[in-house]
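Reader: Please take one part of this model and look at it closely. I would like the strand pairing, the burial and the cysteines treated together, in one connected account.

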Amino acid sequence: MEIENISQMLQNSRTFAKNDAIIMEPRYTLSDLYPIARLSQKMDSVLNVSSAPAAAVTQAKTDETSYTVELVTQDDSEALLEMLKTFFFKDEPLNNFLNLGECKELEEYSLKCIKDGCSFKAVAKNGEIIGVFLNAIMHRPADGAVPEASADSCEHPKFKKILQLMDYIERDFNVFDLYPGTDAILDGKILSVNTNYRGLGIAGRLTERTLEYMREHQIPVMNVMCSSHYSARVMEKLGFHEVYRLNYSDFKINDEVVLKPEPPHVATRILVKEICDVAKAKQ
C-alpha cells in the first residue's frame, strides 16, 4: 500500500531509495510503509502489542513533540490527500517510472478504504496530520466470483498500467486460499509519515494501533503488497513472510514488459503476518 524515504533508517547504507513503496490489495491503492528512523531500535515495541482493547484515541510523547493516534474519518480526506501528494505519490517506484504526475484516479483510489473504519492517523498538537496508516478489510469472495477488472474503467493511460498489474495479480492469487479458517483479512494500504517528524516512532505506533484493531475485531491475518524492495525487507523484519511474488519482467501486455522501475525494485511481493492461530491450507 509504498513507504516513504527510509534512507534515514540505516545511515550507513547509501543504497536506500528516497521513498519506499508498498502496493497493497489490488482493489484499493498503493501503499507507503515504514519511513521510520531507528526502526531496529523500535522493533520490539512494534511487534509486542498488548491484546487488551485500546482506546479510540491514544497519546504518545517524546522530547521533541507529542501526538495522538486517532481513527481516520471521511472528514480527513482533504488533509490526507495533501499529505499523500507531498510525501508519497511522486516517489512510489511505479509512479516514478511512469512519471505519473497529477492523477485524480489515484487520489480517489487511495482514499477508497477510509469507509472501512480501520485506518489511523497521527495528529500533532497543532491539529496537523503528521502520519497515517490507511487500511481496509478484505472479505472472502464468493465461490466462483470473478474479480472486477479495475483497469477497464480507468481513463488515465499511465495509471491504467498499474491497475492492469493489480488486476493480473488479483486473478492469479487469492490470499484466502491460504487461510480457509477466516473470512476476513486486514489489508494494509498506505503508511506515510511527514518527513519533518521522522524518528519519533510514529510509523511504529500507527502499526501497533492497527494490530490492536485486528485483535479487537478477531481478524487473524494482515496482508500487504509491496512494490518496493526496501519496504518488503522492512516488512520481513516485522515478522511478515512472502506468499506471492511477480517479477516486473514477467508482467507483459501484448508481449511487452510495461513496468521497469529502477533496481532493486524488480518485483511486486505479497507478504502476510498472522497475529493468532488460524487454520491454513495444507501445502
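Author: Strand 7 and strand 8 (residues 221-226) run parallel to each other, paired over two bridges. Within this pairing, D187 has N223 of strand 8 opposite it. The model is predicted, and everything said here is computed from it.

The link between these two strands includes a helix. Strand 7, helix 6 (residues 202-216) and strand 8 together form a β-α-β unit, and the unit is right-handed.

Strand 7 also pairs with strand 6 (residues 129-139), here in the antiparallel sense and over nine bridges. In that pairing, G188 of strand 7 is opposite N135. Strand 7 therefore has pairings with strand 6 and with strand 8.

Burial fits into this picture as follows. Strand 7 covers residues 184-193, and ten of its ten residues are buried, so the strand is largely enclosed by the rest of the structure. In a regular strand, side chains alternate between the two faces of the sheet. Strand 8 ends at residue 226, and C226 is buried because its relative accessibility is 1%, under the cut-off of 20%.

Another cysteine, C118, has a relative accessibility of 0% and therefore counts as buried as well. As for cysteine bonding, a search of the whole structure finds zero disulfides. For C118, the nearest cysteine sulfur belongs to C113 and is 7.0 Å away. A disulfide requires the two sulfur atoms to be within 2.5 Å, and C118 is in no disulfide.

Terms used: Residues numbered from 1 in each chain as written. Predicted model: local features only at pLDDT ≥ 70, side-chain atom pairs only at ≥ 80, totals over all residues. Heavy atoms only, no water. Buried < 20%, exposed > 50% of the residue type's maximum accessible area, 1.4 Å probe, protein only. Helix = DSSP H or I, 4+ residues; strand = E, 2+ residues; numbered from the N terminus. Pairing = 2+ DSSP bridges. Right-handed = clockwise from strand over helix to strand, strands pointing away.
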